[in-house]
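Grab a pencil and take a look at the protein below. We'll work through a few short exercises together, one step at a time.

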Amino acid sequence: MNKIPYRSEELEIKGQFLNTTVSFLSDTPIYNTPITVSENMFAALKGENLWMPVSSDIINIESRINPDHVARAEIRDLGPAQPDEEKGGPDLFGIEWVYVPVAGGSMVKPGNPALDDATEWHDKITFPDVNAMDWESVAKLNAPFKSETRVVGCCFQNGMFERLISFMDFEGALVALVDEEQKPAVHELFDKLADMYIAMIQKYIDALDVKEVLFHDDWGSQRAPFFSIETCREMIVPYIRRIADFCHSKGLIFQQHSCGKNELLVPAMIEAGVDMWSGQPMNDKAMLYEKYGKDIILGVDVPELPEDASDDEIEAAAKAFVTQYGKYPIVANIRLASRKLVEALYRQSRIYLCGE
């Protein structure tokens, strides 16, 4: 892509992006950029972006026709906000979840796992009929997103390991990943889950022409991963790879959401074909960027500045951040950033990458 020099007119606001009814985003301006934010995000996959992408360049739909999102209190679409009394309940597989208001999320109803042993899943787990879900209503309700010029994607709350946890509770799921008698059944289950997710992604493509998939699968605690990289490579990577390869065959970005201190598992993410991973602040992003930044796009929190920071201080912080993370593309997490800092990051990254 041609390196178009920066012009000050690019920070003129032309309008507002569309957001879901319930959203982490609020006021999301459309600037007078030389290419769309979607085009810039896809250019970043090739190392050809014109500015540093930011987290608001992607908007993910979590449809209410998917019982997972209802159960986990994570509906994000253009319909009405989900009242608390409707949060929780059965997920895609009929597993009961309980909404916990103080946590703002749900957990599986404790004490009664669907599986005591992974080898039981053929007899006890019934897969949903993806074709029977009301995809026409998804397309109709969220049709305005088809005209968005940022990346519109879809989100899946329960990935491979998280789904196994929902079936077996946490301890049972961990044992199943390493128990030689259960591992073959886990492989078969994950393979069938990959089939289901791929079928659902195709439905989202047909309904909304999505360009990205955000796939939740938490792999770690605050201090370390739940399992070794060898276990991850053997038991999980092949199935994430299947889904990522399908996304890439359709021209989609595959983004992994994985909470925890998962630094040791980043090579497994790369082997699985993951394009992006934001990760939480307990991960050493500077180290990961230097080590793996050329192979995976990392999400990095922008500097925290005092509310009374001067314009010069904001500009200097943005320049330092861009200098540190400009060698390879990242996605700057601007969720708590001021508009002045967001605009400074745009300006400084445009100049860093393309001059003026």
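What follows is a set of exercises, each with a worked solution.

This is a predicted model, where local features need pLDDT of at least 70, side-chain atom pairs count only at pLDDT 80 or more, and totals for chains, interfaces and linings use all residues. Residues are numbered from 1 along each chain as its sequence is written, and side-chain values use heavy atoms, with hydrogens and water left out.

**Exercise 1. Find out how many disulfides the structure holds, and why cysteine 154 is not in a bond.**

Step 1: get the idea straight. A disulfide is a covalent bond between the sulfur atoms of two cysteines. Here it is taken as a pair of cysteine sulfur atoms within 2.5 Å.

Step 2: count. You'll find 0 disulfides.

Step 3: check cysteine 154. Its closest cysteine sulfur belongs to cysteine 247 and sits 7.4 Å away, so that's too far for a bond.

Step 4: try cysteine 232. It's in no disulfide either, with the nearest cysteine sulfur, in cysteine 259, 15 Å away.

Step 5: look at accessibility. Cysteine 154 is buried at 0% relative accessibility (buried means under 20% relative accessible area, exposed over 50%, partly exposed in between, using a 1.4 Å probe and protein chains only). Cysteine 232 is buried too, also at 0%.

**Exercise 2. Work out which residues touch the most other members of the largest nonpolar core.**

Step 1: define the core. It is a set of buried Ala, Val, Leu, Ile, Met, Phe, Trp, Tyr and Cys residues joined through side-chain atoms within 4.5 Å.

Step 2: pick out the hubs. The core has 93 residues, and Met160, Phe190, Ile236 and Ile243 touch the most other members.

Step 3: see which element gives the most. That's helix α6 (residues 183-208), with 15 residues (helices are DSSP runs of H or I, at least four residues, and strands are runs of E, at least two, numbered from the N terminus).

Step 4: zoom in on isoleucine 243. Skipping residues up to four places away in sequence, it touches Met160, Ala194, Tyr197, Ile198, Ile201, Phe215 and Phe254 (contact means heavy atoms within 4.5 Å).

Step 5: don't miss the other core. Lying apart from the largest one, it has 10 residues, among them Tyr6, Val37, Trp51 and Tyr346.

**Exercise 3. Place glycine 326 and serine 23, and say whether each is buried or partly exposed.**

Step 1: locate glycine 326. It's in the loop between α11 (311-324) and β12.

Step 2: check its surroundings. Glycine 326 is buried, at 13% relative accessible area. Not counting residues up to four places away in sequence, glycine 326 touches Tyr289, Tyr352 and Leu353.

Step 3: compare sequence with space. Glycine 326 and glutamine 348 are 22 residues apart in sequence, and their C-alpha atoms are 10.0 Å apart.

Step 4: repeat for serine 23. Its loop runs between β1 (13-16) and β2, and at 24% relative accessibility serine 23 is partly exposed.

Step 5: list its contacts. Leaving aside neighbours within four places in sequence, serine 23 is in contact with Ile59 and Arg76.

Step 6: finish with a distance. Serine 23 and histidine 257 are 234 residues apart in sequence and 17 Å apart in space, C-alpha to C-alpha.
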